[in-house]
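Let's take a walk through this protein together, one stop at a time. Have a look at the sequence and the model first, and then we'll begin with a small puzzle.

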Amino acid sequence: MTESGDHGAGLTPDDIDDLARDARDGDRDALESLLAAIRPRVLNICRGVLPYSGDAEDACQEAMLNVATKIHTWGGRGRFTTWLHVVAVNSARTTYRRLKNLATPTDFEDGAHDRPDPRTTSVIAGTRLDLLEAMETIERDHPQYVEPLMLRDVYGLPYDEIAALVDAPLGTVKAQIHHGRKLARPLLRGER
């Protein structure tokens, strides 16, 4: 394991798993080292969902807090970074929901209705946010499809890793992703 102060540079996936196990078992120094090592990865995951860096930073902070407080829930069977993906994606989605609720104008006297919401004006942002909107819609009636679909289609995780993460048989995960895609397609085309 790297002993220098570079906080994660040069750490192998095995090193990260070892740090995570130690942190999960109560080693505070290991937790500090782990958080420093994973922060760039968490921020990149959040940036993959939220186009504005301030929003991604907020989601990253929430994810880091969740890692620190919920590391005991990582079972240690799969890679820590795979579990971390789920934590970061969920934090980004939570941040998005909060932003969406804040973006709803409540006072028409201040002219807020004349200013476009910057989160819907960029082509890149629109694509990502359309996907988040679709996931929100699907989650209302079919929550079991959302996590596998996000892990596969947004983050490109292999089916077997997704199955281990969501603790479901491989065939079930493939079916959930297939059904989730069928539900998402019309939503992404605007056929609500």
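Is E161 buried, exposed or partly exposed? Since its relative accessible area is 31%, which falls between the 20% and 50% cut-offs, E161 counts as partly exposed. Keep in mind as you look around that this is a predicted model. E161 belongs to helix α7. Its C-alpha atom is separated by 8.9 Å from that of R79, although the two residues are 82 apart along the chain.

Now step back and take in the whole chain. You'll find eight helices and zero strands, so the order of elements from the N terminus reads α-α-α-α-α-α-α-α, helices being numbered from that end. The chain has 192 residues, and 38% of them count as buried. How much of the contact-making links residues 24 or more positions apart? Looking at contacts with a separation of 6 or more, such pairs account for 61%.

Next, let's go inside. In soluble globular proteins, nonpolar side chains tend to be buried together. Here, the largest nonpolar core has 52 residues. If you want to find the ones with the most contacts inside this core, look for L34, I38, V42, V67, F80 and M135. Two or more residues come from each of these helices: α1 (13-24), α2 (28-49), α3 (53-70), α4 (80-102), α5 (123-141), α6 (143-154), α7 (159-166) and α8 (170-188). The helix that gives the most is α2, with eleven residues. The core also draws at least three residues from each of two domains, namely domain 1 (12-102) and domain 2 (121-191).

V42 makes a handy place to pause in that core. Which residues is V42 in contact with, once its neighbours within four places in sequence are left aside? They are C60, A63, M64, L84 and A88. L34 is another of the core residues with the most contacts, and it takes us over to D15. These two are 19 residues apart in sequence, and their C-alpha atoms are 9.5 Å apart in space. D15 sits in helix α1. With a relative accessible area of 13%, which is under the 20% cut-off, D15 is buried.

From there, make your way to R93 in helix α4. Why does R93 count as buried? Because its relative accessible area is 5%, and buried means under 20%. Setting aside neighbours within four places in sequence, R93 is in contact with L132, M135, E136, E139, V146 and M150. One of these, M135, has already come up among the core residues with the most contacts.

E136 is worth a visit of its own. You'll find E136 in helix α5, and at 13% relative accessibility it counts as buried too, because that value is under 20%. Apart from neighbours within four places in sequence, E136 is in contact with R93, Y96, R97 and K100.

R93 also leads us to an empty spot. Rolling a probe the size of a water molecule over the atoms shows where empty space is left. How many cavities of 30 Å³ or more does the structure hold? There is one, and the largest cavity has a volume of about 50 Å³. Its lining is made by V86, V89, N90, R93, V146, E147, M150 and L151. The elements giving two or more residues to that lining are α4 and α6.

Helix α6 (143-154) brings us to a stretch with a label. The unreviewed UniProt entry annotates residues 143-182 as "domain: RNA polymerase sigma factor 70 region 4 type". Over those residues the chain is 82% helix and 0% strand, and the end C-alpha atoms are 14 Å apart.

Let's finish in the loops. Most residues other than glycine have a negative phi. D167, though not a glycine, has a positive phi of about 55°. You'll see D167 in the loop between α7 and α8, where it is exposed, because its relative accessible area of 59% is over 50%. H72 lies in the loop between α3 and α4. H72 is exposed as well, with a relative accessible area of 54%. The C-alpha atoms of H72 and D25 are separated by 7.6 Å, with their positions 47 residues apart along the chain.

Note on methods:
Residues are numbered from 1 along each chain as its sequence is written. This is a predicted model: local features need pLDDT of at least 70, side-chain atom pairs count only at pLDDT 80 or more; totals for chains, interfaces and linings use all residues. Side-chain values use heavy atoms; hydrogens and water are left out. A nonpolar core is a set of buried Ala, Val, Leu, Ile, Met, Phe, Trp, Tyr and Cys residues joined through side-chain atoms within 4.5 Å. Buried means under 20% relative accessible area, exposed over 50%, partly exposed in between (1.4 Å probe, protein chains only). Helices (H or I, at least four residues) and strands (E, at least two) are DSSP runs, numbered from the N terminus. Domain bounds come from an automatic or database domain assignment. Contact means heavy atoms within 4.5 Å. UniProt positions are given in the numbering used here, feature names are shortened, and annotations may be inferred rather than shown by experiment. On a 1 Å grid over the protein atoms alone, a cavity is a set of points where a 1.4 Å probe fits but cannot get out, and a pocket is an open set with protein on both sides within 12 Å along at least five of seven lines; lining residues have an atom within 4 Å of a point. Grid points are joined across faces, edges and corners, and a volume is the space filled by probe spheres set on the points.
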